Amino acid sequence: MLHERELELDVVADALRAAEAGHGHVLVVSGPVGIGKSELLAHLPAPARRHGARVLAATGAVLEQDFTFGVVRQLLEAPMAAADAATRDRWFGGAAESARLLFSDDPMGPPGDRDDDAGWDDAGPVGGVRRSVLDGLVRLLDAMSEDQPLLLLVDDLQWADTASLRSLGYLANRMADPRVTLVATVREGDPGAERPPVREVTGAATRTLWLGPLSVDGVRRVVRDEFGEDSDEAADEAFQRSCHAASGGNPMFLKALLADMRADRGPGSPLRDRLTACLATQPGHITTLAKAVAVLGEHGDAELAGALADLDPPARAEAFRLLHRLGLVTAGAAPRFAHPAVTEAVEQVMTAADVDHLHRRAAELRYDAGHPPRDVAGHLLAVTGECAPWAVDLLRAAAEAALVDGAPRDAARYLRRALLDLEPSSPDRAALLVELATAEVDFDPAAALLHMAQGVPNLESAQDKALALVRLPPVLLASATQPVLDVVSQVADELTEPHGELRLCLEARLRHTRFHRTGELADAVERLRGLGPDVPLATRGERELAAVLLHAGALTGDIPAERARRLGLALLEREPASGRGAHAVVPLVVTALLAAGPAEDVRSWLDAALDRAAEVEAVDAQATIGAQAALVLLWTGKTAEARALAATVVGLTESELVRTAPSTAPYLAPALVAIESDDAALASRVLARCARLDSTMAVSWLADLVRAWLAARAGSPAAALEHLLDCGRRLDLLGWRNPAVLPWRSWAAALQHTLGQQSRALELAQEEHRLSLRWGAPTAVGRSLRVLGMITDGAAGVELLREAAAVLEDSGNAVEIARVSAALRQRGRGATRRTRAHPVGVEAWFGAGSPTSTTLTKAERRVANLAAAGSTNHEIAKELGVSSRAVEKHLTNSYRKLGVVGRSGLEDALAGLPT
């Protein structure tokens, strides 16, 4: 909740109204750290939408200040990507054409156009940025605002790159024409806020909004948000005044204080405060030695700590003795603080200058002594300003060692620090960006794509560029933006023999990025056929291309399943089970193997890869691998485990730690698990996550699939069929025709049968059977036969079910085997009443369920009998004297054991049980 910011919100609303009338405004939000500037910005899109404005947002970042036009591109790239070609051409019409340079590799223009000392006159560039580009930006925003007013939100303006600041300053001084409102936050007291380009923006502000601390009443409202309206804290005025005094009304400090209280840690740390007072009374060289111990951490020793504190051996020994007597350090050659609170106390008395000086000196001492690069690099991370000349090479060596140790996040931290010591024009910068992208692949794919795109164009040769690009796995490039893909295409065109291996690697990547285009999958299958029966797999490039082509064959079903299985297993044998594999070729291989043969083919690889991804904290990899592992558990009959893992995967995708670009990879498998195991809650979570995917045909089918199943489950087969047919049409356009990957035709046929559309149902089911036979995998063929049998009356239907059972016997798919067995049992009991022959809802998708056991407990049997007789959960609970939750639990267990999806299947299932 946002409290005591009503005045600021009213000012923004007035500015939005003025923008609607054609009068732009610049608003600057200022205040100290933690006062709520970012939170205020986060609340502005809602009123903007009420005023019909389009919201464009960006955030300045210290580590991205040297990314030219980084903030401007953040503002504009999303609407540019969302607009069609005609709209973009209209926006860039006339004088706005020069703004296209903002999206080029060199937006600053030719060297001759640059002049960092130039002023704001009309004769030349402005602060190093060509005036034509700045004019073009203003005209571009003007054109965009003709469609609808614009609200530009820029957080942490003081950390924006200089080129963006020049552009925003130029715009801020020319707000008369565009229907634009610019709202920027600036941290009060930050040195960056005093930079001339920042002051150029803030100086043009129509109004500056200074956020002050919360009043006692504001604190009271925050306390009620935290603890609840009816809590003791919300009613205790003295408590609220104490919170106000302790936090000074600063929202960040207040929330931290309340969080400590909720965690039972109490406000503040009396022990730490006492230790701080103790240190304050010691001689200077004692506190300096304590600071040295804190800086060195657990890898320090007494000699190094003494050198860092500038103490000779006798003075060092005496100081350690005193610290030991005080109870602050333990005895031994490697000094350690006696309690974590001591570390907190020492850190509290250290100034920023202390931290910088001691870490800089510790790095020098360890470097001179030949310590491992990672030990030295840890100190360099804490150093502000430029480091020693040797620092960049050492940080790169530390990053390499971190990657070997399976710590890509540490590697990225070292490389980002090294970037701060390189000039933008440095020849080493491009290579460093490539190394950074390589480290980020596992845990921040979006950043990896960005940094690779920034580094590759500045490498010297086509071979160097290709070697850099092949560090990005094919699956990752599928989510890249068009500028990145253009770089890949350009490098592929530049490569000539004898770089055949690199050409294969780039071909694999380019093909995979184009699979959303009509005809691309079919072309890839033809390429696979052209490789002959024995696909070469000796080199990395050959394996990557084979995996991508195999994936196309699996999606289309245009190659025999047995060939796909042989090729997939051969590829899997050559790939190590690692977290990095989640973004390499293996996911493509796993997809093909799951469609072609028993799930056990890939289980051991996935288990090892999932363990490895968790070990290195590769959250994106955990989501991708975990999704596939959940499917394996499902097909092998471990439904409860599959649901638990699928829910974990969805939880990972809901985490801010997952940064991969929109993709169906972590969502399709949980959706299938939810559908196959009748988990509506999981399906709803997957549907909610689909909102983060783009709305292109390549991925929108997934939302249609989940909506269809939820509609069927709610007893609306007509709506379900409409969604499912939409899903199928989209997949057909993409070339995804293999029912082993997604059997939507069988599901739709069952729904059509439910709705009395028998001829259409048979036509669709027969088409799926034909496609399944062409692919040849037992699971797909057996499933299609089962559905045909269930919608075919009489002995012919029974014979089809028996044929399905025979085909599925060796498939390894426990779910389908259970379903066909249940269907045969129902036919054997003569379930011919219309309510059984024409089920509604979810049962129409699957018919019989997937029994895992026919043994019900006495309580489950009583509850199931009452439910089958028509009693509601509430009525059953009242009759048996138990809670409704207990009834729900017993029914869920009964459905699972009997292989039915809901109450409508209970009567027949119970009739077949022994009395």
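**Exercise 1. Is W701 buried or exposed, and what is its relative accessible area?**

Solution. The model is predicted, so that local features need pLDDT of at least 70 and side-chain atom pairs count only at pLDDT 80 or more, while totals for chains, interfaces and linings use all residues. Residues are numbered from 1 along each chain as its sequence is written, and side-chain values use heavy atoms, with hydrogens and water left out. Accessibility is classed with a 1.4 Å probe on protein chains only, where buried means under 20% relative accessible area, exposed means over 50%, and partly exposed lies in between. W701 has a relative accessible area of 0% and is therefore buried.

**Exercise 2. Classify the aromatic pairs, and place each partner in the chain.**

Solution. A pair of aromatic rings is described by the distance of the centres and the angle of the planes. Rings of Phe, Tyr and Trp (for Trp, its six-membered ring) pair if their centres lie within 6.5 Å, and the pair is stacked when the planes are under 30 degrees apart, edge-to-face when they are over 60, and tilted for the rest. By this rule the count comes to two aromatic pairs.

Step 1: the ring centres of Y367 and W390 are 4.0 Å apart and their planes meet at 5°, so this pair is stacked. Helices here are DSSP runs (H or I, at least four residues), numbered from the N terminus. Because Y367 lies in helix 18 (residues 352-368) and W390 in the loop between helix 19 (373-380) and helix 20 (391-404), the pair ties together parts that are 23 residues apart in sequence. Y367, at 35% relative accessibility, counts as partly exposed.

Step 2: W701 and W736 form a tilted pair, with 5.3 Å from centre to centre and 55° between the planes. This pair links distant parts of the chain, since W701 belongs to helix 37 (residues 697-713) and W736 to the loop between helix 38 (717-734) and helix 39 (744-754), 35 residues apart. W736 is buried, with a relative accessible area of 18%.

**Exercise 3. Characterise the salt bridges D410 with R374, E435 with R396, and D421 with R417, and name the members of a network.**

Solution. Side chains of opposite charge can pair when their charged atoms come close. The criterion is a side-chain nitrogen of Lys or Arg within 4 Å of a carboxyl oxygen of Asp or Glu, and a search of the whole structure finds 41 salt bridges.

Step 1: D410 and R374 meet at 2.6 Å, N to O, and the pair links distant parts of the chain, with D410 in helix 21 (residues 408-420) and R374 in helix 19, 36 residues apart. D410 is partly exposed at a relative accessible area of 22%, and R374 is partly exposed at 22%.

Step 2: the closest N and O atoms of E435 and R396 are 2.4 Å apart; the pair links E435 in helix 22 (residues 427-440) to R396 in helix 20, 39 residues apart. Both E435 and R396 are buried.

Step 3: D421 forms a salt bridge with R417, in which the closest N and O atoms are 3.4 Å apart. D421 is buried with a relative accessible area of 17%, and R417 is buried with 6%.

Step 4: salt bridges that share partners join E676, R783, R786, E816 and R819 into one network.

Methods:
Helices (H or I, at least four residues) and strands (E, at least two) are DSSP runs, numbered from the N terminus.
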